[in-house]
Amino acid sequence: MAAESSPKIAIVDENPIRAAILEEGLREAGFSAVEHVGEMNNLLARIYQIDPDVILIDLENPSRDVLEQMFQVSRAVRRPIAMFVDQSDAASIQASVDAGVSAYIVDGFRKERIKSIIDLCISRFNAFAKLQDELERTKTALEERKVIDRAKGILMKAKGLSEEEAYVLMRSTAMREKKKIAEIAQSIITASELLR
Amino acid sequence: MMDNKSGSRTPLRIGFIPLVDAAALLVAVDRGFARAEGLDVTLHREVSWSNVRDKLNLGLFDAAHLLAPVAIASSLGLGHVKVPIVAPFTLGVNGNAITVSPALHAAIMAEMDGDPLNPLATAQALLRVVTARKKAGAEPLVFGMTFPFSTHNYQLRFWMAAGGVDPDEDVRLVVLPPPYMVESLASGHVDAFCVGAPWNSAAVDLGVGHILHFVSDILARAAEKVLAARQPWAEKNPDVLAALIRAHDRAAQFIETPDNRAEAAAILAKPEFIDIDAEVIRRTLDGRLKISPDGKVRESSRYLLVGREGAARPDPVQAAWLYAQMVRWGQAPLSEASLAIAAGVFRPDLYDAATGKTVPTAPQLADGVGAFAGPPFDPSAITKHLDSFPIRRR
């Protein structure tokens with residue numbers, strides 16, 4: 001779509017995976033000139049070197065304040081840059097803040113074009129957050145599984161139970177105390193370490 | 001507000017940056033002063049002033065710990081979307097310091113003609129260092145500060161310009177997030193910085209910096225951070241805001257009571273707040289700072305004011321001074337209307353009404369600012385005032 005004059009887009013993100021997801025999305029949408037900046041030292045110099053039309057930065061990045069400097073009139077800046085703030089489109093700003101991304105554009109950049117970039121950004125950032133969430137959940141589940149297995153072993157040895165009986169005992173205790181099985185399992189491990 | 005029938009509390013979301021001058025806010029929440037006022041505050045730690053500003057502007061925060069100049073810039077729509085802000089409580093007066101690398105410290109001291117605590121003497125020494133570097137074809141010195149609209153920016157500029165150093169021509173001023181300051185000084189990316197606590201102490205403790213000035217050397221009194229809220233929100237929720245101001249006022253009094261300092265420092269040091277050694281925070285609250293790696297200590301009763309000497313009561317003269325700096329350095333055009341908006345951001349009336357303190361603390365300074373150079377500040381004659389400074393961008 002933007003083949004005739006693809007705007008230059010700089011992605012400022014210390015997270016290489018998220019940056020890659022976003023970059024891929026932008027390329028698929030026809031934005032071919034995408035640069036990733038993952039190193040925050042000398043950020044402004046790097047940005048001036050790229051001379052982008054659009055800068056995308058994640059909100060967890062303290063270097064957002066460094067970019068704010070570009071609003072200032074300075075000889076170092078070749079082209080004035082403004083943050084994408086369209087007061088008529090509060091929903092879009094809200095969505096981008098919720099997703100954790102903000103955009104800076106060169107003054108005069110066409111509004112319709114930035115809109116599609118921002119929307120893409122929001123969906124890719126949300127997709128990444130979902131992915132990370134799932135990863136986190138899987139990791140927790142794996143760890144809980146390990147704790148439960150260890151506690152089961154302790155119970156089997158201490159009380160001469162079968163694996164099935166050990167698990168049932170933990171589960172019924174968890175239900176009675178309104179706790180998660182993993183919490184009961186952790187208590188068993190802690191207690192056995194104390195009593196060792 | 002506490003609803004007496006149901007006993008429910010008003011939920012509030014308040015943003016902050018992990019700095020010692022968020023003390024009144026953090027203590028108000030942690031020590032229960034906000035709860036006692038019927039408020040259920042959720043604190044949100046942020047990583048950049050841009051985030052704090054945007055989330056306040058969008059209404060994701062009800063209030064925020066904010067750089068005083070950002071509250072004014074937002075109200076004027078400078079560099080960003082225009083959102084009227086009110087500042088009914090000053091969280092901190094002063095509290096910053098200028099820290100320089102050991103190499104720059106040695107260079108300034110070698111050129112020093114006078115008392116190194118006198119900012120005019122250090123600024124003139126800086127001019128000689130800068131001139132010599134220019135002759136030698138060296139790169140310009142780089143000074144880090146926290147935000148374009150920050151007291152740090154204006155304090156650095158005011159100081160060096162008084163000695164004849166043009167902050168835009170002779171050196172480079174760059175924005176650096178506070179957590180990156182120390183590392184940047186150590187790695188030589190910057191030669192000096194102006195930042196709030198605890199970062200100056202962190203640089204000294206690591207042996208990579210000397211504290212050259214407390215900013216109270218430059219201005220006796222400078223409003224640094226404010227409690228900020230959107231004006232429409234403040235108008236819609238006057239009782240909630242008054243309760244919040246009272247909670248802050250009680251917290252500030254608590255912090256300023258010497259017997260409570262250890263407890264206050266321990267609260268601020270918590271991992272979810274500033275997450276740094278309580279002893280370092282204590283130094284800031286006490287105004288007793290190690291200023292050089294060899295262990296030299298400097299004490300000042302003006303280092304950081306959290307409520308004492310009437311510091312909590314917003315002073316519109318302070319807001320006018322900050323606006324004058326925006327004009328001086330080309331960030332804002334000068335107009336009577338803008339001056340009135342800027343001064344109107346600081347709301348002593350809201351502070352007085354909430355706290356019931358009818359007699360404002362008498363100002364200790366003739367002009368309310370007490371700058372080390374230039375004529376006394378006169379908000380009614382800003383043009384004349386600024387014209388008296390040869391280095392300026394207007």
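**Stop 1: the A/B interface**

Select the contacts between the two chains of this predicted model. On one side, 19 residues of chain A take part; they meet 23 residues of chain B. Colour the chain A side by element. Two elements of chain A give two or more residues each to this side: α3 (64-68) and α4 (90-99). Which element gives the most? Pick α3(A), which supplies four residues. Now recolour the chain A side by residue class. Nine of its residues are nonpolar, six are polar and four are charged.

**Stop 2: chain A as a whole**

Hide chain B and show chain A as a cartoon. Count seven helices and five strands. Step along the sequence from the N terminus. The pattern reads β-α-β-α-β-α-β-α-β-α-α-α. Next, colour chain A by burial. Chain A has 196 residues, and 31% of them count as buried. Then draw the contacts within chain A. Take those between residues at least 6 apart in sequence: 64% of them join residues at least 24 apart.

**Stop 3: the five-stranded sheet of chain B**

Bring chain B back and hide chain A. Select β5, β6, β7, β8 and β9 of chain B. These five strands form an open sheet with mixed pairing. Across the sheet, the order is β7-β6-β8-β5-β9. Where are the edges? Look at β7 (172-175) and β9 (210-214) of chain B, each of which pairs on one side only. Turn the sheet to view the twist: from one strand to the next, it averages 25°.

**Stop 4: a parallel pair**

Zoom in on residues 142-145 of chain B, strand β6, and residues 192-196 of chain B, strand β8. In which sense do they pair, parallel or antiparallel? The pairing is parallel, over two bridges. Label G144(B). Opposite it, in β8(B), stands F193(B).

**Stop 5: an antiparallel pair at the edge**

Move to β5 of chain B, residues 96-100. β5(B) pairs with β9(B) in the antiparallel sense, over four bridges. Label T99(B) and look across to β9(B). The bridge partner there is I211(B).

Stay on β9(B) and show its side chains. In a regular strand, side chains alternate between the two faces of the sheet. Is β9(B) mostly covered or mostly uncovered? β9(B) is mostly covered, with five of its five residues buried. Recall that β9 of chain B is also an edge strand of the sheet. So end the tour with both views of β9(B) on screen: the pairing with β5(B) and the burial of its residues.

Conventions: Residues numbered from 1 in each chain as written. Chains lettered and ligands numbered in written order. Predicted model: local features only at pLDDT ≥ 70, side-chain atom pairs only at ≥ 80, totals over all residues. Contact = placed C-beta atoms within 7 Å. Nonpolar A, V, L, I, M, F, W, Y, C, P; charged D, E, K, R; others polar. Pairing = 2+ DSSP bridges. Axes fitted to C-alpha atoms, helices over the stretch in contact; angles between N-to-C directions. Buried ≥ 20, exposed ≤ 12 C-beta atoms within 10 Å, placed from the backbone.
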